[in-house]
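Thank you all for coming. Please have a look at the sequence and the model on the screen, and I will then walk you through a few places in it.

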Amino acid sequence: HAEYATARQSLAIAHASLAGTALTGQGLPAGREYALAPQLAPLKPLFDAKKLALQLNVGPLRVPTTLAQYQARTVPLPPKLFSHNDQQSVWQSSAAEGAVKGWGGRLGDLALAGNGGSALFTCMSVTGNAVFLSGEHALAYQIGAGGAVAIKGVTQDDGMYGAQACREALRTLITQPRAQVLESELNRITARSLDSHATLAGALAGSTGQFDTVLPDLVDGRRRTLNQQLKMVARLIAARGQLGPKRQVFLVSLGGFDTHDNLMDRHPALLTELGGALSGFQQALESIGVGPQVTTFTASDFGRTLVSNGDGSDHGWGSHHMVLGGAVRGGAFYGQAPQAVLKGPEDVGQGRLLPSTAVDQYAATLARWFGVSDTELPLVAPAIAQFGTRDLGFLSA
């Protein structure tokens, strides 16, 4: 802790504040101790119950890289390091901004055969458009936290948008085949959207408040957007029999972690929301009997610098991530624990940690649990052939 406090300066959490969230698990070097931030206390019972694991120091890498190799630039490095948009894209797709396929979407492509070939509802986002869910054939279906996004002039049946005859006429206009190729394709997609909206609305009917107890919309008067997103995912999983796919990939998100300033005020509130949401989501899954069938994992664009900039921290590289669920070999740490010291063996500058585990290895481990064969892993994680370890061990077979 003394080394950590020296590096973090005004950002360090006092040792006494960590007693209630200290983690006792396998995988750390002798004498090393970790704890969760106090606001993540709801996750400690999951770690103790061996349903939560920590994968240490993950980040984009093209090949295994040492500090000396990084400094001398003798190995290929990920493109545009420390850039938000690009590193989000690299995490999600293995390529910089402008990529069109992500490894979640590639998982969806491989799942289509087992899902009856239907590209709908295999990859679903509750947080808008993202390359992570884009595949060759799997469609990144976007849904709001309140349900499927409707074309109200066609689907709204409250008189506000005209009589039924008007709605039917509009539906015909925006779905009928056209002679112009682009117009016809737009109408085809619109027709698919309307049909899928009807299917989703029927599947979700009656489940609006099903998980409100563990994933409330409001906590202490503050709206919890991550609760709302994860509650929709839980509802979709509960309705899987009506939707059809047997294997699905979902995406939710929580922003606000770009804490260049005011970190000590902003970060605790974000972690409070994260800890409560992940804990509540696991409870929701277990309440419908699918705890072992769903694995939740965290991802980001990058970690932050160990060193304080005076009021916050700046863009980093490697970061620790959580994996939770009934199939997780939890209560343990995976990967190599970095030294939280400035100018240490992982410090590429300002306490930016050189990753010791590649995102491709992280993705490959999740993909194998998802059912992807060893020969198909490069389709999901293109750089996996460069790394000796394809399974990091945090999931049971």
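Let me start with glutamate 346, which is found in the loop between strand E11 (332–334) and strand E12 (357–358), where helices (H or I, at least four residues) and strands (E, at least two) are DSSP runs, numbered from the N terminus. Before I go on, I should say that this is a predicted model, in which local features need pLDDT of at least 70 and side-chain atom pairs count only at pLDDT 80 or more, while totals for chains, interfaces and linings use all residues. Residues are numbered from 1 along each chain as its sequence is written, and side-chain values use heavy atoms, with hydrogens and water left out.

Which side chain of opposite charge is nearest to glutamate 346? It is arginine 32, at 7.3 Å, and glutamate 346 is buried yet has no salt bridge. Here buried means under 20% relative accessible area, exposed means over 50%, and partly exposed is in between (1.4 Å probe, protein chains only). A salt bridge is a side-chain nitrogen of Lys or Arg within 4 Å of a carboxyl oxygen of Asp or Glu, and for charges in general, Lys and Arg count as positive and Asp and Glu as negative, while His and the chain ends are not counted. If we leave aside residues up to four places away in sequence, glutamate 346 touches Asn57, Gln336, Pro338, Gln339, Arg352, Leu353 and Leu354, where a contact means heavy atoms within 4.5 Å.

Now to the salt bridges that do form, of which the count by this rule comes to 12. One of them joins lysine 44 to aspartate 48, with the closest N and O atoms 3.2 Å apart. These two residues are 4 residues apart in helix H2 (residues 44–48), so about one helical turn separates lysine 44 and aspartate 48. Lysine 44 is buried, with a relative accessible area of 18%, whereas aspartate 48 is partly exposed, with a relative accessible area of 43%.

Further along the chain, aspartate 374 takes part in a salt bridge with arginine 368 (3.7 Å, N to O), and also in a salt bridge with arginine 390 (3.4 Å, N to O). The pair of arginine 390 and aspartate 374 links distant parts of the chain, since arginine 390 is in the segment after H13 and aspartate 374 is in the loop between H12 and H13, 16 residues apart. The relative accessible area is 39% for aspartate 374, which is partly exposed, and arginine 390 also counts as partly exposed, at 22% relative accessibility. Elsewhere, salt bridges that share partners join Asp212, Asp217 and Lys231 into one network.

Next, is helix H5 enclosed or open? In H5, 8 of the 9 residues are buried, so this helix is largely enclosed by the rest of the structure. Its buried residues include Trp103, Arg106 and Asp109, and among the elements that cover the buried residues of H5 are H4, E4, strand E8 (249–251) and helix H12 (359–370).

Just after that helix, in the loop between helix H5 (103–111) and strand E4 (123–125), we come to phenylalanine 121. Phenylalanine 121 has a positive phi of about 70° although it is not a glycine, and this residue is buried, with a relative accessible area of 5%. Most residues other than glycine have a negative phi. Arginine 73 also has a positive phi, near 55°, and lies in the loop between helix H3 (67–72) and helix H4 (84–93).

Let me finish with the chain as a whole, which has 13 helices and 12 strands. The radius of gyration is 23 Å, close to the 21 Å that the globule rule gives for 397 residues, so the protein chain is as compact as a globular protein of that length; the radius is taken over C-alpha atoms, and the rule is 2.2 Å times the number of residues to the power 0.38. Along its principal axes the C-alpha trace spans about 75 × 50 × 40 Å. Buried residues make up 48% of the 397 residues, and among contacts with a separation of 6 or more, 68% are between residues 24 or more positions apart.
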